[in-house]
Amino acid sequence: MVLDIPNKSKSVTIGFGGFSGQIEAKNVNRKLNVMLKKLKPKSKVIMLENKTFNTNVPYSFNDKRFNYSQVVNVPKLIFNTIIKQGKNPEVENVLATALTAHRQRPDLPINLFSISAGGMVVQEVSEHLTKLGIPHKGITIGTGSYGLVKPNKSVKNFTNKLDPVTMFTPSPNTTYVNSGKGHNFTSYFTDNKIRDDISKYFS
């Protein structure tokens, strides 16, 4: 694997989504890509497809069938990967990308960004990078903690009190914000605090 990292880059930012269907996965990645490039214009942004958490549902969030399918498919995905295999396959993908970026440009810090269930990947990858002594920072949006990954205080999590995913089991190091309509991640970014914190916290 060879990454195209411009010489002028000040950091490498790796982003990816959470549980999603075919349509939403592409939409989310596109929006995250645009948002991260605006917030960190001098960072090399790499968007990865979260294939493991793709529930293969050809519906959008606005379709009632999507919500039903999520309830049915998400537990199956968690059981067949994190619980049954004892690992999250996406961690290997993101970690491999981060290590490749570090090998190519050891002078650049690494930023990890994700939303919802993708935040569990950020926390686990961060743990590996910490053990390897690789400079990095992580931010998640609307990520809950269900005992599936070890708490990682080096990763900041933003959520609102109406988000059903984090309402009862917020991740460690959580900052509550007033923006956000439930678990709709795009609504979070109406809050200047989130945008400013991401921009300042990330290298």
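1. How many helices and how many strands does the chain have? The model is a predicted one, and its chain has six helices and six strands. Read from the N terminus, the order of these elements is β-α-β-α-α-β-α-β-β-β-α-α. When you follow the chain in the viewer, use this order to keep your place.

2. Consider next how the chain is packed overall. The chain holds 203 residues, and 51% of them are buried. Among contacts with a separation of 6 or more, 66% are between residues 24 or more positions apart.

3. The largest nonpolar core has 21 residues. Within this core, the residues that touch the most other members are Val12, Ile14, Phe16, Val94, Leu112, Val125 and Leu129. Four elements give two or more residues each: strand S1 (11–16), helix H3 (89–104), strand S3 (110–115) and helix H4 (118–132). The largest share is that of H3, with five residues.

4. Valine 94 is a useful residue to look at in this core. Setting aside residues up to four places away in sequence, valine 94 touches Ile14, Phe16, Leu48, Leu112, Val121 and Val125. Apart from this core there is a second, separate one of 18 residues, which includes Leu32, Val45, Val177 and Ile198.

5. Where are the aromatic pairs? Three are found in a search of the whole structure. In one of them, phenylalanine 113 and phenylalanine 189 have ring centres 6.5 Å apart and planes at 45°, so this pair counts as tilted. Phenylalanine 113 belongs to strand S3, while phenylalanine 189 is in the loop between helix H5 (185–188) and helix H6 (192–201), so the pair ties together parts 76 residues apart in sequence. Phenylalanine 113 and phenylalanine 189 are both buried.

6. Phenylalanine 113 also pairs with phenylalanine 202, and here the arrangement is edge-to-face, with 6.5 Å from centre to centre and 80° between the planes. This pair links distant parts of the chain, since phenylalanine 113 is in strand S3 and phenylalanine 202 in the segment after H6, 89 residues apart. Like phenylalanine 113, phenylalanine 202 is buried. One aromatic cluster is formed by Phe113, Phe189, Tyr201 and Phe202.

7. Two lysines should be checked against aromatic rings. Lysine 137 lies over the face of tyrosine 201, at 5.2 Å from the ring centre. Tyrosine 201 is also a member of the aromatic cluster just described. In the other case, the charged end of lysine 161 sits over the ring of tyrosine 176, 5.8 Å from its centre.

8. Which residues of H6 are buried? They are Ile194, Asp197 and Ile198. Looking down the axis of H6, the buried residues fall within an arc of 100°, so they line one face of the helix. Ile198 is also among the residues of the second core.

9. The start of H6 has a contact of its own: a side-chain oxygen of aspartate 191 comes to within 2.7 Å of the backbone nitrogen of lysine 193. Lysine 193 is part of helix H6. With a relative accessible area of 40%, lysine 193 is partly exposed. Serine 179 is 14 residues away from lysine 193 along the chain, and the C-alpha atoms of the two are separated by 9.4 Å.

10. Is serine 116 buried or exposed? Its relative accessible area is 15%, and buried means under 20%, so serine 116 is buried. Serine 116 lies in the loop between S3 and H4. Not counting residues up to four places away in sequence, serine 116 touches Ile141, Gly142, Thr143 and His183.

11. The last residue to inspect is glutamine 104, which is found in helix H3. Glutamine 104 has a relative accessibility of 32% and counts as partly exposed. Leaving out neighbours within four places in sequence, glutamine 104 is in contact with Met1, Val2, Leu3 and Ile5. Glutamine 104 and aspartate 4 are 100 residues apart in sequence, yet 9.5 Å apart in space from C-alpha to C-alpha.

Key
Residues numbered from 1 in each chain as written. Predicted model: local features only at pLDDT ≥ 70, side-chain atom pairs only at ≥ 80, totals over all residues. Heavy atoms only, no water. Core = buried A, V, L, I, M, F, W, Y, C linked by side-chain atoms within 4.5 Å. Buried < 20%, exposed > 50% of the residue type's maximum accessible area, 1.4 Å probe, protein only. Contact = heavy atoms within 4.5 Å. Phe/Tyr/Trp six-rings, centres within 6.5 Å; stacked < 30°, edge-to-face > 60°. Lys NZ or Arg CZ within 6 Å of the ring centre and 35° of its normal. Arc of directions from axis to C-beta. Polar contact = N/O pair within 3.5 Å; in protein donor to acceptor, adjacent residues only side chain to side chain.
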